[in-house]
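Reader: I am new to this structure and would like a close look at one part of it, the salt bridges and what surrounds them. Could you take me through them slowly, and then on to the neighbouring topics?

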Amino acid sequence: QVHLVESGGGWVQPGGSLTLACTASGFTLDYYAVGWFRQAPGKGREGVSCINHSGDSIYYGDSVKGRFTISRDKNTVYLQMNDLAPEDSGVYYCATAARLTMAIINFGSWGQGTQVTVSS
């Protein structure tokens with residue numbers, strides 16, 4: 001069965017850090033760009049970051065630049081999140097695309113999401 005699984009979410013205080021992982025099962029990520037998105041309650045899905053298939057081209061949303069780092073290793077894509085703030089809270093999803101993009105319409109396979117809560 002082909003699917004993506006996100007992990008690493010949880011609760012953290014403001015200023016803290018978390019690392020999310022997106023692991024592919026049943027297929028290889030080698031030929032895909034992988035994006036991270038997040039969705040807060042009552043809001044739309046927001047593009048956070050995307051990395052191309054080779055890892056040499058990366059996009060970050062303005063709200064996370066300088067704080068989040070995306071990387072990939074074998075069949076997993078990571079999102080290192082530093083200096084977290086309450087507005088970073090939400091469900092974080094990963095998804096695959098044929099190329100580097102943050103347009104949701106271009107993403108095919110989606111994971112189930114992992115909850116990130118930033119609060120004191």
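Author: Glu 46 has a relative accessibility of 33% and therefore counts as partly exposed, since that value falls between the limits of 20% and 50%. In this predicted model, Glu 46 forms a salt bridge with Arg 38, and the closest N and O atoms of the two are 2.9 Å apart. Arg 38, for its part, is buried, with a relative accessible area of 5%, so this salt bridge joins a buried residue to a partly exposed one.

A second salt bridge is formed by Arg 67 and Asp 88, whose closest N and O atoms are 2.7 Å apart. This pair links distant parts of the chain, 21 residues apart: Arg 67 is in the loop between strand 6 (58–60) and strand 7 (68–73), while Asp 88 is in the loop between strand 8 (76–81) and strand 9 (90–97). Both Arg 67 and Asp 88 are buried. The two pairs do not stand alone, for Arg 38, Glu 46, Arg 67 and Asp 88 are linked in a network of salt bridges.

A search of the whole structure finds 5 salt bridges, and one of them brings together the side chains of Asp 73 and Lys 74, with 3.8 Å from N to O. That distance still counts because the limit for a salt bridge is 4 Å. Asp 73 has a relative accessibility of 41% and counts as partly exposed, whereas Lys 74, at 67%, counts as exposed. As a general point, side chains of opposite charge can pair when their charged atoms come close.

Asp 73 belongs to strand 7 (68–73), which leads on to the sheet. Strand 7 is part of an open sheet of 4 strands, in the order 1-3-8-7 and with antiparallel pairing. Strand 1 (3–7) and strand 7 stand at the edges and have a single partner strand each, so one side of each is left without a neighbour in the sheet. Neighbouring strands of this sheet are turned by 15° against each other on average, when direction is ignored. Between strand 7 and strand 8 the antiparallel pairing runs over 6 bridges, and here Ser 71 stands opposite Tyr 78 in strand 8.

Strand 3 of this sheet also takes part in a covalent link, the 1 disulfide that the structure holds. Cys 22 and Cys 94 form this disulfide, with their sulfur atoms 2.1 Å apart, and the link is right-handed, with 75° about the S-S bond. It connects distant parts of the chain, with Cys 22 in strand 3 (residues 18–25) and Cys 94 in strand 9, 72 residues apart. Cys 22 counts as buried at 0% relative accessibility, and Cys 94 likewise counts as buried at 0%. Cys 50, by contrast, is in no disulfide, and the nearest cysteine sulfur, that of Cys 22, is 11 Å away; Cys 50 is buried too, with a relative accessible area of 0%.

Strand 9, which holds Cys 94, also contains Ala 97, and Ala 97 is buried, with a relative accessible area of 3%. Leaving aside its neighbours within four places in sequence, Ala 97 is in contact with Tyr 32, Ala 33, Asn 106 and Phe 107. Gly 44 lies 53 residues from Ala 97 in sequence and 19 Å from it in space, C-alpha to C-alpha.

Conventions:
Residues numbered from 1 in each chain as written. Predicted model: local features only at pLDDT ≥ 70, side-chain atom pairs only at ≥ 80, totals over all residues. Heavy atoms only, no water. Buried < 20%, exposed > 50% of the residue type's maximum accessible area, 1.4 Å probe, protein only. Helix = DSSP H or I, 4+ residues; strand = E, 2+ residues; numbered from the N terminus. Pairing = 2+ DSSP bridges. Axes fitted to C-alpha atoms, helices over the stretch in contact; angles between N-to-C directions. Contact = heavy atoms within 4.5 Å. Disulfide = S-S within 2.5 Å.
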